[in-house]
Amino acid sequence: MDSSEMNEGEIHQIDSDDVIKEEDETENEEGEDLTEDAEALKAELAKIVVHPPSYEQSLMEEFDQAEFSPSYKDNLPKENLVLQYAENFRRQMVQLYRDRKPLFLNPVNECGVEKFVCTTIRPTLLEFKELYNWDGAAEFVADYLNIEPLKPEYELPKRLISPSTVLKRQKGNCFEYSTLLCSLLIGAGYDAYVISGYATKETCLADESRDICPLLKKKEEVQEEARKKEMKKYNVKPPRDLRSKFELKQEAKKEAEKQAEKEKQRKEEEERIAELEKPPPDPYFGLRIHAWVLVLSGKREVPENFFIEPFTGLSHPMDSSNYLGIESVWNNVNYWVNMQDCSEGVKGLSFDLGDSTVWEFMFPNNDKPLLKIPDAEDDLNDMDDDEDDEEHEVEKYLDMPPSWVDALKLSHRDFQMRCPHGKKTKVYKRAKLEKFAHYLMKDGLISRLSVYEDRELTDLMKVHEYYAHRSDKLTQKLTNHRTGQVCENFDPGRPRCLKEHQFKSSTPGPENERVMIFYHEARVDGLVKREETQTEMTEEYSNRDDFLFYKYVEFGKRAKKFGPQETSSANKGRPINKMIQKFHRNRNKPANEDIAEIIFHVAEDKIHISYHTEDVRIAASTREFLKPPNWDEKGAVLTFNPEMHQTFQVDPMLPMNKQVELYEMLMELLKAEEKCRNEVRDSQNEVRNILDDRTKEEAASELDISVYDTERNEKAKKHRRELERQQLEEKMRKQEMDIDYLAPFLAKIGNPEKLSKQQAFSLKEECLADLKQRLIDKANLIQARFEKESQELEKKQAWYQQNQVSMGKEDEEEYLTYCKEAIFRIHILDLRLTRHKEQAPHKYMQLEQKLRNDERLSEFF
Amino acid sequence: MSRLYDTVEPAVIDEEMLKKAVEEQGPKEEAGKIAKQEGIDFGDVLSLRLDFLNILKIDNLWEFTKLTKLQLDNNIIEKIEGLESLVNLVWLDLSFNNIEVIDNLDSLTKLEDLTLYSNRISTIENMDSLLNLHVLSLGRNQLTDLENLRYLRRFKNLKTLNLSDNPFCKQDEYKQYVIAFLSNLEFLDYRLVDQQSRDAAIEKYQVSRDEMLHNEKQAEIKKEDETKRQQELEKHKNAYVELMNGPDLFEQMYAEDKEGQKLNEMPEKFMQICTQIFDFGIAEHEKREEEVKSFWECVEEAKQDNKRLGMVHIDEFTETKKRMLLEMSQMSDHKMVEQYARDYNDKIQVLWDKLMGLELQLVDQLEEVIKEFERNMQDMVGTFVENVQALLSQCRDLENNHHEKMMEIAIVTLEKVIKNELDDEISDDLKMLLVDKDTIINAVSSSHDVHLLKIDNKEDDIVTRINQSLKNLIEQIHQDEEITRNRMRVSEINNLIDHLREEMDNLEVMQN
């Protein structure tokens, strides 16, 4: 604190010295001793300074003043004080550093009121978890707002709109972007600052067309460190190299030369391209004003300082060439002016804000660790008592007033929409990125990255589309317009567990070139990959109980059929020429009996088997069978003779297999072949089914809505509405229940304010009599109906007895049903009457009780 | 196979019967025809059914070594026998016979299903080795003693048990008793044992069951300890320093020295040295093990590398062969075919050269490595022996010191005795020794000699054993890794090459 006072004091001293020298100003110019007149005058003067005549006065957007809270339209005394202080600071700076550019201190807000920039920052932590980390927050700000470039680009803006308004109108200049981002970052606990400074044209205009799209940047391949081969004690010596050393040397030399040549060429080419791609020279280079965000290390486990570019949401290192100079930095508590030389850009600048030799701070309540000032100066300070007192007073007044900005609010819906209207397009070097809000597009598209061959974005190379919430689980689609290849990626959860599907857009049908990759963990058959060409199919498996890991099928041409085309022939598979199955080693079997590979030469009626190699051997046993001539006849007895079998046994000592065993083996193989063939057919059908599904899904892509998404989930919404409606009805019913029995009778006597005893009695009598009457009426009514029904029934019976002879069967049936119904009705009426009789006295009693308790009558009973 | 007469004509298992059974139960149809032509080896038969044959005595089954399933039900067998060689048997059916004693099943360790239904068995016994038993049927026998069922507890896998129609089934508590003491059972007497009845039964026999469990557990722990101790000792033996971590050597020294025992007590120092030897021995042993392990690893690696190379060559060749054969089959020109055949033969020769070259290279490499290993091992053993010897000589020094002191004391005591100055009461044994100078000196020095002899013996023992085992190891390595392996590989290569050549010749013959 000492040093700050000291420093402040120095400035003041120098200031006052200057003032004396200039003789224009009076002594009371100093900070807090101003008279009112001078104050006013100063304000006037300040305004004049702040608004230098500009030839390109852009029309400022007008805001409806009514919608802002009073803190926007007025200044608190404390704020005024801060403004004065800032103004004084500015003037001192101007005095001391005449050729310095003006500082960005007191711009007006949307209501035309001057506000100090530090108070415009409103630290806020919003409820979205994406905004808790700096990258998420920066990306959000970059996406959510539209850019308004500064006009003119080499002048500070006159107005700084509050972050809350910026959020509402979804656009802003670099200062508004940075202020908003800074509010969010400080709210999330980062040590973040707004920087006012200078940047390149590309940065100021957010022109990323020279940058490679971040999505295209190759991820740094995590190179698995090749496991160093342990030098063991008994490693065998490699065989002696018998080649000529000299020749080898010459060879190596030549190779090196070639490499060097190539390297050189590559470098030249690179340089040439770099030259071509250099931006055209900018006349305002170094003058373009820009604001961005600085995050200092220390808080939230940030390991080192970095910049965030608010327009793109990307981080930049401290020596970024995009930024050319820094004028000042501020956060919500203080304001620092850069005293370092920026002729080399921002490279090598110190961001030790506590170091007052490189950062001139504005408020003494600097929470940054300060450099210790030597005691000698302290003494000097002590001697100057007046100064000291003043300083104390200053300190008392000058802590930062709270932000005048309303709390930042962001609705869930707006947050999900991300970009203004849910769409945003960005142009990168040879690429275009379009972003869409979730659920905005019918097909679930959330972003599309188009990569072009040239800088002018005319020659489309490939398109990368990302999807979300699709019910068919499609997440990515990569279309290569050059080769016509399409690659689709899916999330787990599809039927048949498809993970990736590559095909040619020109030939999407079955039996064409394609690769399908599956989530093999979820599949019963453990299929990992299925590759197809027009005549071949290869399948890879993993983790199967039968150790199968590879299957290859070669198809022949479909036999052309003459005559009428059968509809089923299209579905019939192509003939199979050859099938290969490969198996992993099954350690439970001896290697000589463990099949490694079976080749079914279907076309040649041959089966070839290779076995696994034993651990101590290098050759593998093989076996070949010729299929019996009648093998495909059903029910035929298959014959066998020794000539149908050939074998090579690695170990000649092993006993030869018996004929029976061979015969049984052959039978097994025939079965296996049949099975394999069926599996191939199944695979083909599966491909067809998947393709059918895909076509259907593409035609009508549905989006899944999470059950937790109350806003979008129609069903849940309906349910909720239904519940609300029920509640309402319930309420209504309750109201109805509370019907006033006395109302009609009170109305009869003219709704008197107060009832006399007599009136009350008569009222009660009347009311009860009325109920009695109604109950009797009801009983009568039931009785009348009962009688009517009985009479009708009697009549019908009489009629039936008369006409019974001449009646048809149908009529008779009709009569019988009528009788049944009538008797049922009569019975019901009877029941009702009995119940009414039972209940009527109770009802009467109830009403009497109620009337007795009625507050209007209760006083009389 | 129906019985024609009620009269029981005893039969024996003979070749004819077996042949008939095997043929009847063997492969059917075409396969059967082929099998018949060829004849069936009894050794290959997996399952055999010999039921309703009035067999009195099991015999002549020793050839069926691969048999897994054997049915001998509905005969008149009286004794279980002749099954010793059927070690692969999983399923054995001896129901409806006249067996009285369970016996001779010890070699059938793989047995899972044993049926002895309807016999005359009165005790469950002699089945200790059938630890894999899953299903056991002992229904309709003469079992009377429920206690006897505890014998079945040793079969941890026993899930299904049939005991119906035995005398003890009439007892009320029979079922609960069985369930309580064989609580792993899932099926008893054709019925599923449900959890409820199991709980009830266990509750009923809680006390005696707990006691039994406790005893079993104790026995198990004891056994485990025993095996652990055995393993430990085995390990120490391998390190050639067994029993050196205790007073054993010292006790041995005095074991054959009755006089010395009377004169002595256990010195601390001696123990320390013994322990030192022990620790050193264990450490050295571990080092040697490590050495051997790394040696084998490297050898294995070298062999694998070599194998891989060889396989690559063979694969390459197979590819070329396929191509060439395809081309040849499409050729009509006789001369060209011959040319191809010659080419092919040349290629075979090249393959042979390559494979043999690889093998020679491997032989060279291994030879070198083995030599180095041998040298290192010898060095290690040398150091070990030296150190042990040094430590044992310390022991010897101690013994010498001890001997001198002993001598002094003996003489002094003798003098005292002679002068009758000895205050303390001494034992009669000692008195016997303390009669004159020669006796006592003889006694002391003979004791000393015995001690030294023991130490020397120990030393010799350690040194010879370690040298012997090293020699064995090295010899074995030479034999296995150099000679056997090499011969096998060479014969393999030659076999392969011969096969390839033959293939070619056949093809040519066919084409001609």
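1. A salt bridge here is a side-chain nitrogen of Lys or Arg within 4 Å of a carboxyl oxygen of Asp or Glu. In this predicted model, Arg617(A) and Glu492(B) fit that description, with their side chains meeting at 3.7 Å, N to O. The rule finds one salt bridge across the interface of chain B and chain A, so do have a look at this pair, whose N to O distance of 3.7 Å falls within the 4 Å cut-off.

2. Polar contacts join the two chains as well: the rule gives four residue pairs across the interface of chain B and chain A, both residues of each pair being at pLDDT 80 or more.

3. On the side of chain B that touches chain A, two or more residues come from each of helix 2 (29-38), helix 8 (268-330), helix 9 (334-419) and helix 11 (437-511) of chain B. Helix 8 of chain B provides the largest share, 11 residues. By residue type, this side of chain B divides into 16 nonpolar, 12 charged and eight polar.

4. Now for the contact as a whole. Chain B contributes 36 residues and chain A 31 residues. Between them the chains bury about 3,000 Å², with 58% of it on carbon and sulfur atoms.

5. A friendly word on confidence in chain A. Its mean pLDDT is 80, and 84% of its residues reach 70 or more. Residues 1-32 of chain A, however, stay under 50, although the model gives them 59 contacts beyond four places in sequence. Residues 50-58 of chain A are also below 50, with three contacts beyond near neighbours in sequence. Where pLDDT is low, the predicted coordinates should not be read in detail.

Conventions:
Residues numbered from 1 in each chain as written. Chains lettered and ligands numbered in written order. Heavy atoms only, no water. Contact = heavy atoms within 4.5 Å. Buried area = accessible area lost by both parts, 1.4 Å probe. Polar contact = N/O pair within 3.5 Å; in protein donor to acceptor, adjacent residues only side chain to side chain. Helix = DSSP H or I, 4+ residues; strand = E, 2+ residues; numbered from the N terminus. Nonpolar A, V, L, I, M, F, W, Y, C, P; charged D, E, K, R; others polar. pLDDT = per-residue confidence, 0-100.
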